[in-house]
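I set out to record, entry by entry, what I looked up in this structure. I begin with single residues and then turn to helices, cores and the chain as a whole.

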Amino acid sequence: MLSVFPPASWAEKSNKRKAAVKKVEHLVHKIRFNEVPDIVSMFLKDETIAGKLILAATICALLVVNTPWLQGVYESFWHIKASAGLGSWIIEMDLRHWVNELLMAMFFLVVGLEIKRELVHGELREFKKAMLPIGAAFGGMVVPALVYFSLNFNDPEAARGWGIPIATDIAFALAVLTILGKRVPLALKTFLLTLAIADDILAIFIIALFYAEIIHYGFLATSFAIIAAIWIFRRYLADTIPIFLTVATVLWITTHLSGIHASIVGTAIGLLAPMTTTRNRRAISEKLEKGALPLSTFIVLPLFAFANAGVVLSLDAFNHPLSMQVMPGIILGLVYGKFVGITAASWLLVKFGGAELPKGVNWHHVMGVGLIAGIGFTVSIFITELAFGGNPQLVETAKISIFIASALAAVLGVIMLLLARKPESQQ
């Protein structure tokens, strides 16, 4: 007798297919929104490539600036003035400053988007996990400053360099960490990323309070007003990326005119960019990431390294009587101070229940990051120019010290991480 209903096996196969589809959809949703966001994976993958480009650009800059017939060409090129503006509103800087303040804002934009994604959908949405890198960044700034000051407090000119060892260079630190690849957990890279950006934000405030000779408070107030306006009207900006970018450009201009290093504006824009949309379109944060990430990875970071790594390696820099105070202060501050500050602050936060270690991360990993965070470059060199701008010999001494400390911190950090064992839960 024929039946009008399909065999039971058909129904079973259909149910299995539906279950498989639901399982895949659930897995995709879990990966995208809860554990490892796709933007994190893509950023860290590209950053590995960028690390090689950055190191190559740094070596090229050192070779060029230490070659007699090329040194003058290198310096002359980066001192070329370029201006941009509208009508009587003109901003004029040399090419190196355009790279450091404008192009690096694109890198900080990517970092800001990354941090926001982690805060909204990643592990940093939990208070205790977010507090660990922030607290570690604070400890990693206070201790290096104290180390430097303890060796230079007896001379006012040398003491002005206390801010040099407080900063961690995000680009170089992440480049070194990502070279290790799968030997370190992904959560550790997120930890370092968050720590470094918190470090840079705090460093910018220190520059504004202690090193900026002239602060235009009117422009500074305007910048804060623009940030507040973006926050208040963020829902209305969710589908209008041209207007959003126009407002971001105005924010960069007002911040630059205020006397604050304007590259950090990129971070503010990344954190403020809407992650949702009122229509069935891609959110602004996703559009910004798609456009800024490849430019930041393959152009901005290598160009920044080439523009700033040109230091003349000469013993003449150490002829100044204060050189032997400044040099150990910077090296010990970056290598020893960062290590002690980050490790101790992290341990205290975990010990007293204020934070917890990320999944898959142990104390050897934290100590390794504490060493790698001693790679100072961008802000360290920037503060060097502000602290010792009137003394070229001390500037060169400080820059060479930053290079030595950064190389030492990178080597020691890599060794520590290679020796680190996996947590017991993963063994």
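**Entry: N154.** I asked first whether N154 is buried or exposed. With a relative accessible area of 53%, N154 is exposed, since exposed is taken as over 50%. The model I am reading is a predicted one. I placed N154 in the loop between α5 and α6. I then looked for a partner of its side chain and found a polar contact with the side chain of Q325, at 3.2 Å. N154 and Q325 are 171 residues apart in sequence, and I read a C-alpha to C-alpha separation of 10.0 Å.

**Entry: S150.** I moved to helix α5, where S150 lies. Its relative accessible area is 44%, and S150 is therefore partly exposed. I noted 8.2 Å between the C-alpha atoms of S150 and G329, which stand 179 residues apart along the chain.

**Entry: A158.** On the other side of the loop that holds N154 comes α6, and I found A158 in this helix, which spans residues 156–159. I recorded a relative accessibility of 0% for A158, so this residue counts as buried. Which residues does A158 touch, leaving out those up to four places away in sequence? I listed Y148, N152, L322, Q325, V326 and F388. Q325 thus appears here as a contact of A158 and above as the polar partner of N154. I also checked A158 against L394: the C-alpha atoms are 8.7 Å apart, with the two positions 236 residues apart in sequence.

**Entry: F388 and the cores.** I followed the contact of A158 with F388 from the side of F388. Apart from residues up to four places away in sequence, F388 touches Y148, E157, A158, G161, I164, V326, L394, V395 and A398. Y148 and V326 are thus contacts of F388 and also of A158. I next looked up the largest nonpolar core, which has 88 residues, and found that I170 and F388 touch the most other members. Helix α8 (residues 186–211) gives the most to this core, namely 14 residues. I noted a second, separate core of 23 residues, with I91, L251, W252 and A262 among its members. For context I wrote down that nonpolar side chains tend to be buried together in soluble globular proteins.

**Entry: helix α15.** F388 belongs to helix α15 (residues 378–388), and I listed the buried residues there as V379, S380, I381, I383, T384, A387 and F388. What covers these buried residues? I recorded α5 (127–152), α6, α8, α12 (284–308), α13 (323–351) and α16 (392–419) as included in the cover.

**Entry: α8 against α15.** I took α8 from that cover and compared its axis with the axis of α15: the two come within 11 Å and cross at roughly 5°. The helices are therefore roughly parallel to each other, as the angle is under 35 degrees. I attributed the contact to D200, A203, I207 and Y211 of α8 and to V379, F382, I383, L386 and A387 of α15. By class, I counted 8 nonpolar, no polar and 1 charged residues in it.

**Entry: α3 against α4.** I then examined helix α3 (residues 68–78) and helix α4 (residues 95–120), whose axes come within 6 Å and cross at roughly 60°. The pair is therefore oblique. Y74, E75, F77 and W78 of α3 meet L95, R96 and V99 of α4. I sorted the residues of this contact into 5 nonpolar, no polar and 2 charged.

**Entry: S258.** I located S258 in helix α10 (residues 241–258). S258 counts as buried because its relative accessibility is 0%. A polar atom of its side chain lies 2.5 Å from the backbone oxygen of T255. Beyond its neighbours within four places in sequence, I found S258 in contact with I214, I215, H216, F219 and L220.

**Entry: A344.** I found A344 in helix α13. At 34% relative accessibility, A344 counts as partly exposed. I read 9.4 Å, C-alpha to C-alpha, between A344 and M367, which are 23 residues apart in sequence.

**Entry: the whole chain.** I closed with totals for the protein chain, which has 16 helices and 2 strands. Of its 427 residues, buried ones make up 49%. Among contacts between residues at least 6 apart in sequence, I noted that 80% join residues at least 24 apart.

Note on methods:
Residues are numbered from 1 along each chain as its sequence is written. This is a predicted model: local features need pLDDT of at least 70, side-chain atom pairs count only at pLDDT 80 or more; totals for chains, interfaces and linings use all residues. Side-chain values use heavy atoms; hydrogens and water are left out. Helices (H or I, at least four residues) and strands (E, at least two) are DSSP runs, numbered from the N terminus. Buried means under 20% relative accessible area, exposed over 50%, partly exposed in between (1.4 Å probe, protein chains only). Contact means heavy atoms within 4.5 Å. A nonpolar core is a set of buried Ala, Val, Leu, Ile, Met, Phe, Trp, Tyr and Cys residues joined through side-chain atoms within 4.5 Å. Axes are lines fitted to C-alpha atoms, for helices over the stretch in contact, and angles run from 0 to 180 degrees between N-to-C directions. Angles under 35 degrees count as roughly parallel, over 145 as roughly antiparallel, 65 to 115 as roughly perpendicular and the rest as oblique. Ala, Val, Leu, Ile, Met, Phe, Trp, Tyr, Cys and Pro count as nonpolar, Asp, Glu, Lys and Arg as charged, and the others, Gly among them, as polar. A polar contact is a pair of N or O atoms within 3.5 Å; within protein, one must be able to donate a hydrogen and the other to accept it, and residues adjacent in sequence count only if both atoms are side-chain atoms.
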